[in-house]
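Reader: Please pick one small part of this model and look at it closely. Then work outward from there to the rest of the chain.

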Amino acid sequence: MTIDRRQFLQSVTLGGFGLLAPGVQQLVAAAEMDSWFQNPLALPPLEEGRLIDGARRFDLALQYGVSNFLGDRPTPTVGINANYLGPVLRVQQGDDVMFRVTNRLSEPSTLHWHGLNLPAVMDGGPHQVIAPGKTWSSEYKIRQGACTQWYHSHMYHRTGIQVYFGLAGLFYIDDKDSKNLNLPSQYSVDDIPLVLQDRSFNQDGSLRYASSMHDRMMGMMGQTMLVNGTAFARFEAQKSLTRFRILNGSNARIYNLEFEDQREFLQIATDGGLLAQPVKMRSSILSPGERIEILVEFAPGESVMLRHKPLPRRPGGGGGMMGMMSGMMAANDRPFPIMRCDASRVTSAAQRFPTQLIKPRNWAYNEAVRTRRFNLNMGMGMGMGMGMGMGMGRGGFSINGKSMDIKRIDARVPLGDIEVWEISNTSPMAHPFHIHDVQFRIIERDGRPPGASEQGLKDTVLVNSGERVRLIMQFENYADAKAPYMFHCHILEHEDAGMMGQFVVVS
Ligand code: C2O
Ligand code: CU
Ligand code: CU
């Protein structure tokens, strides 16, 4: 069976909307597809800013560009100081930072600092709109310890499309303690960013975004994997022990990452920083917005594929419409390759790595002064047909029965209080729930403590269909009764459609 690469890009799904094109992916044998992974992995430039009057200053421009993902057809994109995506911003704990963000696009946008504890007016959410041609200044102090955060557009109703076209980048924070741990930390040598995104293309090479009801309902899932903006990426390892900082920067797709030989790797960090000790893993589920850092060992000369394996089927999930929908989703979830890792240049044996890292912050359950409850729903009702023609408008996606209203404050949180947030998902699909300004800990999932790999600071948590997850957190440092932060589903089409709410921190 032969099929050329162009046809592949046009017709083959990587487990995406098999509902619309069942079985097409079987046209390509796995081994054949693997051989296409020859494009050198792009690494975004590292940007450390300029020190001006004691502050670390960055000048960032949101701009149009043209990218070459497909080899033979250019793709119009947007980026930050680049054609697609933005630089890796690197700052130190304790820094005063200043970002001057200029919007060179012809539509309004914003730039949000995902995972940061910062004043609400500096957050870059839907209230900090940057009009075309204007510059927005965001200044704050870096209070958190070492971690991998990110930044992206948060334009109300336009976040999905703006991120899809490229408005996102990574944001590293370093601190003194982590420097003493002897972790691989040489950027582009043994400390490698991996921004995972799935994209779909039209025949002319342009990006295809959310053209169907299915895309809007399930979230936009693409047919081609990009890693740091490279399709069919090949990573050439330089050191036997490599640290990957992995961001799920996709609009909607949930990955279950593993190496094709199911080798063990060590997870060292969650969204908000390092774990207490490395956790041995063979696969890891990463939902949109989440980050993990892992250490992987490559033997000299070997070559191994990083891939997605189908998500484990969850028991329960309910019968009826819920059961049917989750059944269909599981049936469409097929394995697919993401990036080839080649170690032909590696000569040395692995170096040693620490067995103890850093104690992530935690709070005792009895310190919490209140519990807030959030129910995620998709308000399915009339008009849902087998063809996935979900008859629902923007109002269908809700939290506590309410769709996002930029004029409504949903919660007022007293500064300094320790709170439990209980997130229940009564919809038929999983939603990654994200809270601005804070890093929380997961207390339990359906009454059970989280696995070791989730026992660290987080700002985004996947809440499965039918599940109830309890989180504990403390809102610190900044209060402003007028400027809200957001909480929302990080499936960007759901966020844009109203699965978002607003809270203020008050003193
Ligand atoms: Cu990553 Cu409110 O966003
Ligand atoms: Cu955020
Ligand atoms: Cu969602």
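Author: Leaving out residues up to four places away in sequence, Ser398 touches Asn375, Leu376, Asn377, Ser403, Gly498 and Met499, where contact means heavy atoms within 4.5 Å. This is a predicted model, in which local features need pLDDT of at least 70, side-chain atom pairs count only at pLDDT 80 or more, and totals for chains, interfaces and linings use all residues. Residues are numbered from 1 along each chain as its sequence is written, chains are lettered from A and ligands numbered from 1 in the order in which they are written, and side-chain values use heavy atoms, with hydrogens and water left out.

Ser398 belongs to strand 25 (residues 398-399). Strands (E, at least two residues) and helices (H or I, at least four) are DSSP runs numbered from the N terminus. Ser398 counts as buried because its relative accessibility is 6%; buried means under 20% relative accessible area, exposed over 50%, and partly exposed in between, with a 1.4 Å probe and protein chains only.

Among the contacts of Ser398 is Asn377, and strand 24 covers residues 370-377. A salt bridge starts from that strand: the side chains of Glu422 and Arg373 meet at 3.3 Å, N to O. A salt bridge here is a side-chain nitrogen of Lys or Arg within 4 Å of a carboxyl oxygen of Asp or Glu. Glu422 lies in strand 27 (residues 418-425) and Arg373 in strand 24, so that the pair links distant parts of the chain, 49 residues apart. The two ends differ in exposure: Glu422 is buried because its relative accessibility is 7%, whereas Arg373 is exposed because its value is 52%. Elsewhere, salt bridges with shared partners join Arg90, Asp174, Asp191, Arg243, Arg245 and Glu293 into one network.

Two members of that network, Arg243 and Arg245, are also among the contacts of Ile192. Setting aside neighbours within four places in sequence, Ile192 is in contact with Leu41, Leu43, Phe235, Thr242, Arg243, Phe244 and Arg245. Ile192 sits in strand 12 (residues 191-199) and is buried, because its relative accessible area is 0%. From Ile192 to Arg243 there are 51 residues in sequence, but 6.1 Å in space, C-alpha to C-alpha.

Two further salt bridges can be set side by side. Arg291 pairs with Asp271, the closest N and O atoms being 3.9 Å apart. Arg291 lies in strand 21 (residues 291-297) and Asp271 in the loop between strand 18 (265-270) and strand 19 (273-281), so this pair ties together parts 20 residues apart in sequence. Arg291 and Asp271 are both buried. Arg73 forms a salt bridge with Asp72, with 3.1 Å between the closest N and O atoms. Arg73 is buried because its relative accessibility is 9%, while Asp72, with a relative accessible area of 42%, is partly exposed. The structure holds 35 salt bridges.

Next come two of the metal sites. Donors are N, O and S atoms within 2.8 Å of the metal (3.2 Å for Na, K and Ca), and sites may look incomplete because water is not among the atoms. The copper ion (ligand 3) is coordinated by His431 (ND1), Cys489 (SG) and His494 (ND1) at 2.0 to 2.1 Å. His431 in strand 28 and His494 in helix 7 (residues 492-496) link distant parts of the chain, 63 residues apart. The donor residues of this copper ion (ligand 3) have the sequence spacing H-x57-C-x4-H. His431 is buried, because its relative accessible area is 0%, and His494 is buried with a value of 0%.

Strand 28 (residues 431-435) also holds His434. The copper ion (ligand 2) is coordinated by His112 (NE2) and His434 (NE2), at 1.9 to 2.0 Å. His112 is in strand 8 (residues 112-114), and the pair links parts of the chain 322 residues apart. Both of these histidines, His112 and His434, are buried.

The wider picture is brief. The chain has seven helices and 33 strands. Of its 507 residues, 60% count as buried. Among contacts in the chain with a separation of 6 or more, residues 24 or more positions apart account for 79%.
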